[in-house]
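Dear colleague,

Please find below the structure I am handing over to you. My notes on what was found in it follow directly after.

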Amino acid sequence: MAIPFIKALSAFAAAEGARDPDLARPMGLLGDALTRVVPSAGRPAQPTQPPTQPPTQPVVERHLSDALAAAVGTAGDLIASVVDEVGWAVPYPEYAGEPDMDAMRANYSYAPIIGSAEDAISGGAVAAPYLSDEVFVGLVLQGPGCDYPSHVHKSEEIFWVTAGTSDWQMGDQWRVEGPGGVIHHGSGVRHATVTRDEPLLMLFAWVTDPGCIPVIVRR
Ligand SMILES: [Fe+2]
């Protein structure tokens, strides 16, 4: 069964693994897991339109169209090909009421593409259109001027930035990444993202431990 998006993502993973030695192993994990991805129940293998109106969020209403228009590269093309199939959710419901996290959650959303039937991070608020218990792949849209504080998770993570320039923390180091940037976080590495004056649109892949719930680091 050839799912066009999964086929295109597999080719992208292979190319990324060949392009950057740092990505060879994680892209091998992703490519292998993609051979076992299936559409979610009730979804045709080659959907022509979303089966239901997907959930959305205020940050998506405000910034997604501009970010899509600005998106670059093969990752941008992959996002454009799947964005109408996904639903958007807000992470960290367990931190609601904490002022910095309320501000972040009002200006940040993610959309599972490949994941479990019940999305753990949002408490089941959204579902992935394609299923895997080995990897978690999706989109992130972070609005301008949004501080996503330092956090950790066991999952090994790769981000492909398609739009928006932001400040990125990895461990104790900060750097700037913009469109075309690729960020690879090993398991348990502390990281943070602070957007500037543009929305940040990314494709992400967790290639291990896809059921993790990230934990904010306060010190
Ligand atoms: Fe992360």
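Two strands are taken to pair if DSSP finds at least two bridges between them. The model is a predicted one, and that criterion applies to the strands described here.

Strand β5 (residues 147-152) and strand β10 (residues 191-195) run antiparallel and are joined by 3 bridges, so they qualify as a pair under the two-bridge criterion. Within this pairing, Asp147 stands opposite Val194 in β10. Both strands belong to an open sheet of 5 strands, with antiparallel pairing and the order β8-β7-β10-β5-β12. Its edge strands, β8 (173-177) and β12 (215-216), each pair on one side only.

There is also an open sheet of 7 strands, whose pairing is mixed and whose order is β1-β3-β2-β4-β11-β6-β9. At its edges stand β1 (38-39) and β9 (182-185); each has a single partner strand, so one side of each is left without a neighbour in the sheet. Inside that order, β4 and β11 pair in the antiparallel sense over 7 bridges, and Phe136 stands opposite Trp206 in β11.

The metal site may be of particular interest to you. The iron ion has as its protein donors His153 (NE2), Glu157 (OE), Glu157 (OE) and His191 (NE2), at 2.1 to 2.3 Å. The angles among the 4 donor atoms run from 55 to 138°, and the site is irregular. A tetrahedral assignment would require all angles to lie between 85 and 135 degrees. Along the sequence, the donor residues follow the spacing H-x3-E-x33-H. Distant parts of the chain are linked here: Glu157 lies in strand β6 (residues 157-163) and His191 in strand β10, 34 residues apart. Glu157 has a relative accessible area of 3% and is therefore buried; His191, at 1%, is buried as well.

Finally, a search of the whole structure finds 1 cavity of 30 Å³ or more. The volume of the largest cavity is about 220 Å³. Its lining consists of 20 residues, and those nearest the centre are Tyr108, Val140, Tyr148, Glu157 and Trp206. By class, this lining comprises 14 nonpolar, 5 polar and 1 charged residues. The strands β2 (108-115), β4 (136-142), β5, β6, β10 and β11 (200-206) each supply at least two of the lining residues. Glu157 thus appears twice in these notes: as a donor of the iron ion and among the residues nearest the centre of the largest cavity.

With kind regards

Notes. Residues numbered from 1 in each chain as written. Predicted model: local features only at pLDDT ≥ 70, side-chain atom pairs only at ≥ 80, totals over all residues. Heavy atoms only, no water. Helix = DSSP H or I, 4+ residues; strand = E, 2+ residues; numbered from the N terminus. Donors = N, O, S within 2.8 Å, 3.2 Å for Na, K, Ca; no water. Tetrahedral: all angles 85-135°; square planar, octahedral: opposite > 155°, others 65-115°. Buried < 20%, exposed > 50% of the residue type's maximum accessible area, 1.4 Å probe, protein only. 1 Å grid on protein atoms, 1.4 Å probe; cavity = no way out; pocket = protein on both sides within 12 Å on 5 of 7 lines; lining within 4 Å. Points joined across faces, edges and corners; volume = space filled by probe spheres on them. Nonpolar A, V, L, I, M, F, W, Y, C, P; charged D, E, K, R; others polar.
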